[in-house]
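Take a look at the structure below. We will begin at a bound molecule and then step back to the whole chain.

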Amino acid sequence: MIDSLGRNITYLRLSVTELCNLRCRYCMPEEGVCKLAHSQLLTEEEMVRAVRAASRLGITKVRITGGEPLVKPNILSICRNVANVPGISETSVTTNAILLPDMAAPLREAGVQRVNISLDTLNPEKYRKITRRGELSDALKGLSAALDAGFEKVKINAVLIGGFNDDEIPALAALTQKWLVDMRFIELMPMAGNTDFGSECYIPVTRVLDALPQALPEQEEGVARLYRLPGALGRVGLISPLSQHFCAACNRIRLTADGKIKPCLHSAEEISIKGLSEQDMMEQMRRAILSKPACHAELNVISRSPSGRSMNQIGG
Ligand code: SAM
Ligand code: SF4
């Protein structure tokens, strides 16, 4: 569906849970989140109904996210049912990869075509620090399982944090020389809860190019500006929600685990679809698409995202 500014909305991010097995410092509080009552969460049937409604409005791609989608007990069934909705040509999952060693092949069999893996550092100590509890070796085993499972595409996402992992840009980018993966660097976003990060942590992704002078530009894809290291199998991507936002090309809406459509990641506006019929869900989604703002508010360390949620409660 075309929104009021002429943008073609074809992409739904479906968050299936707020829960997570990690506690990344920029995403989630250490104590976790209050578990929502079962009755507040979308059921699997409602999620699939919502995807059917979205498909009728022209959504063709669904990214399943969270929290950590792989901690959801019925995740394989959700993926299979979403992938089978008529009109959905691409189903992908964003994960921290910790559970991928056992889940990669079943996800692929369930119809998931693409996987995005979050990996901010290749240093075990720093991995423990940023995730507050994860082991790098588990994430790397998950990455390896994803590469073996035959997904059409595997991407790695790193949140670029000044003073934390900007010294690892060459090492992370070198993964594209070893494997057929895209390595994408994303600017840290100042969400309501992640106030631990000082202004020195917010650095533009153009730093990646400073660290990789040999990288050659490739054609842009979606929200990422792409480059390739000489001879690399995969590409290096830059995603700049702060320094050069991509609102004019925004093609997505988000659905939270508690059934709220968010027309914009950085807006407090939410439209509930919990408990509605497919027709009514579709009407609410139409409203949400028509209310997509032209651009999100200015974001910086003082003026934080007005979304009113932490990232694990939205899905990224
Ligand atoms: N748990 C899964 C994972 O980590 O891939 C999926 C959910 S997570 C909320 C989705 C993405 O949001 C991850 O790539 C994560 O790094 C990113 N993210 C979370 N908080 C962020 C922030 N404050 N700024 C930028 N990216 C953030
Ligand atoms: Fe969990 Fe993903 Fe948030 Fe990390 S970024 S706490 S893995 S939801």
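Start with Gly67. One of its backbone N or O atoms lies 3.0 Å from a nitrogen atom of ligand 1. Keep in mind that this is a predicted model. Tyr26 also uses its backbone here: an N or O atom of that backbone lies 3.2 Å from a nitrogen atom of ligand 1. Glu68 brings in its side chain instead. There, an N or O atom is 3.1 Å from a nitrogen atom of the ligand.

How much of ligand 1 does the protein cover? On its own, ligand 1 has 540 Å² of accessible area, and the protein covers 94% of that.

Now widen the view around ligand 1. The shell holds 19 residues. Tyr26, Gly67, Glu68, Ser118 and Met189 come nearest. Sorted by class, the shell has 10 polar, seven nonpolar and two charged residues.

Move on to ligand 2. Which residues surround it? They are Cys20, Leu22, Arg23, Cys24, Cys27, Met28, Gly67 and Asn96. Gly67 is a name you have met before, as it is also among the residues that come nearest to ligand 1. By class, the shell of ligand 2 divides into five nonpolar residues, two polar ones and one charged one.

Next, look at the rings. A search of the whole structure for aromatic pairs finds zero. Phe164 does have a charged neighbour, though. Lys126 lies over the face of its ring, 5.3 Å from the ring centre.

Finally, step back to the fold. The protein chain has nine helices and 12 strands. Its radius of gyration is 18 Å, and the globule rule gives 20 Å for 316 residues. The two values are close, so the chain is as compact as a globular protein of that length. Along its principal axes, the C-alpha trace spans about 50 × 40 × 40 Å.

Technical notes:
Residues are numbered from 1 along each chain as its sequence is written. Chains are lettered from A and ligands numbered from 1 in the order in which they are written. This is a predicted model: local features need pLDDT of at least 70, side-chain atom pairs count only at pLDDT 80 or more; totals for chains, interfaces and linings use all residues. Side-chain values use heavy atoms; hydrogens and water are left out. Rings of Phe, Tyr and Trp (its six-membered ring) pair if their centres lie within 6.5 Å; planes under 30 degrees apart count as stacked, over 60 as edge-to-face and the rest as tilted. A charge sits over a ring if NZ of Lys or CZ of Arg is within 6 Å of the ring centre and within 35 degrees of the ring normal. A residue is near a molecule or strand if one of its heavy atoms lies within 4 Å of it. Ala, Val, Leu, Ile, Met, Phe, Trp, Tyr, Cys and Pro count as nonpolar, Asp, Glu, Lys and Arg as charged, and the others, Gly among them, as polar. A polar contact is a pair of N or O atoms within 3.5 Å; within protein, one must be able to donate a hydrogen and the other to accept it, and residues adjacent in sequence count only if both atoms are side-chain atoms. Accessible areas come from the Shrake-Rupley method with a 1.4 Å probe; for residues, only the protein chains shown count as cover. Helices (H or I, at least four residues) and strands (E, at least two) are DSSP runs, numbered from the N terminus. The radius of gyration is taken over C-alpha atoms; the globule rule is 2.2 Å times the number of residues to the power 0.38.
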